[in-house]
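Trainee: I have a model open on my screen and would like to learn how to read its charged pairs and empty spaces. Could you walk me through them?

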Amino acid sequence: MSDGVNGKIDLAFCWVFKETEPKQGLQKLKSCGFEGIELWPDAIKQYGIATWKQALTETGMRCFQLCPYFNFMGGETTIGASRVMLDEYLTYARELDCKRLRVFTGPPWGEGVVSGRDATKRQWKDSIESLTEFCDKAANDEVELCLECHEGSLMEDGPLALRLIHGVNRKNLTANLQVPLLNETWEESVRLLGPYTTHIHIHNWPGEIGGSNPITYLEAGRFDWRPVLDKLCNEQGQHLCLSVEHGDHYGVDDPWETARRDGAFLQQLCRQI
């Protein structure tokens, strides 16, 4: 892992620039203060893993997380497909020297969503056993599997996420702490999941905080990230990647303006932590 901005924090941007070539976009993100990116399946398919590898190498940027969509909710059919996906993404991780894969336990929205409270005993058992298997396989490449704490998943709040983490009991199962979690204060989330947190999709809101409410530039929102990061980095000693997600604010703003503003804000914030 890199030393980050202040030895504690790395800065990433979730790639949303469909009309920008990888090398050009990575150079521009670097000039905004970011050290790397996250990649989703569409971006990988659009340009191919070889192009991404070359662009990352030539710009000195990193891929901090790859984002497959595992699904353990549909029995052997979806678990088997997830095994194939794991092999595919571990290959990508080796090519890009990426050490983190995002984990969903099922579809995060739309048809087939299963929350932790609605999941059957079999779905919990399948998820724990599959994640244990996946963690052991990923460990061969020194890759961690990072649970995206997201409403409509088995890890939509702290206690549910801990049920998975403790059930799997592998050091390379970590958490992407997307506060606020469902019906939970950030303080409680950090207390419960801070020791396992390596990654944060960082957002801010102009009005009501959390959920599906509109998001905005980090500097312009109501939520104060400073105490969250102080607890995680200084009190708990975590090394984090802060990754700006939905940089177009769901189609409202130019993501390059988000990169410019959020990059400057995060650089300043990190210097204060």
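Mentor: Let's begin with Glu-58, keeping in mind that this is a predicted model. Its relative accessibility is 42%, so Glu-58 counts as partly exposed.

Trainee: Which residue does Glu-58 meet in a salt bridge?

Mentor: Here is the general idea: side chains of opposite charge can pair when their charged atoms come close. In this case the side chain of Glu-58 meets that of Lys-23, at 2.9 Å from N to O. Glu-58 sits in helix H3 (residues 49–59) and Lys-23 in helix H1 (residues 22–31), so this salt bridge ties together parts that are 35 residues apart in sequence. Lys-23 is partly exposed too, with a relative accessible area of 37%.

Trainee: How many salt bridges does the structure hold?

Mentor: There are 18 salt bridges. Another one pairs Asp-141 with Arg-94, where the closest N and O atoms are 2.8 Å apart. Arg-94 belongs to helix H4 (residues 76–96), while Asp-141 is in the loop between helix H5 (121–139) and strand E5 (144–148), so parts 47 residues apart in sequence are tied together. As for exposure, Arg-94 is partly exposed, at 47% relative accessibility.

Trainee: What does Arg-170 pair with?

Mentor: Arg-170 forms a salt bridge with Asp-136, at 2.7 Å from N to O. This pair links distant parts of the chain, 34 residues apart: Asp-136 is in helix H5, and Arg-170 is in the loop between helix H6 (158–168) and strand E6 (173–176). Arg-170 has a relative accessible area of 31% and is partly exposed. Asp-136 is also partly exposed, at 35% relative accessibility.

Trainee: Which residues do salt bridges with shared partners join into one network?

Mentor: Glu-76, Arg-83 and Glu-133 are joined in that way.

Trainee: Now for the empty spaces. How should I think about them, and how much space lies in the largest pocket?

Mentor: Rolling a probe the size of a water molecule over the atoms shows where empty space is left. For the largest pocket, the space comes to about 1100 Å³. Its lining has 42 residues, and the closest to the centre are Trp-109, His-150, Glu-245, His-246 and Tyr-250.

Trainee: Which helix gives the most to the lining of the largest pocket?

Mentor: That is helix H2 (residues 41–47), which supplies 4 residues. Sorted by class, the lining of the largest pocket has 22 nonpolar, 11 polar and 9 charged residues.

Trainee: And what lines the second largest pocket?

Mentor: The second largest pocket holds about 160 Å³ of space. You have already met one of its lining residues, Arg-170; others include Ile-165, His-166, Leu-173 and Tyr-196. H6 and E6 each give at least two residues to this lining. Its classes are 4 nonpolar, 4 polar and 2 charged.

Trainee: How many cavities of 30 Å³ or more are there?

Mentor: The count is 1. A cavity is a space where the probe fits but cannot get out, whereas a pocket is open. The largest cavity holds about 50 Å³ of space. Of its 13 lining residues, Ile-202, Thr-216, Glu-245, His-249 and Asp-262 lie nearest the centre. Glu-245 is worth selecting on your screen, as it is also among the residues closest to the centre of the largest pocket. By class, the cavity lining has 4 nonpolar, 7 polar and 2 charged residues.

Definitions and conventions:
Residues numbered from 1 in each chain as written. Predicted model: local features only at pLDDT ≥ 70, side-chain atom pairs only at ≥ 80, totals over all residues. Heavy atoms only, no water. Salt bridge = Lys/Arg side-chain N within 4 Å of Asp/Glu carboxyl O. Buried < 20%, exposed > 50% of the residue type's maximum accessible area, 1.4 Å probe, protein only. 1 Å grid on protein atoms, 1.4 Å probe; cavity = no way out; pocket = protein on both sides within 12 Å on 5 of 7 lines; lining within 4 Å. Points joined across faces, edges and corners; volume = space filled by probe spheres on them. Nonpolar A, V, L, I, M, F, W, Y, C, P; charged D, E, K, R; others polar.
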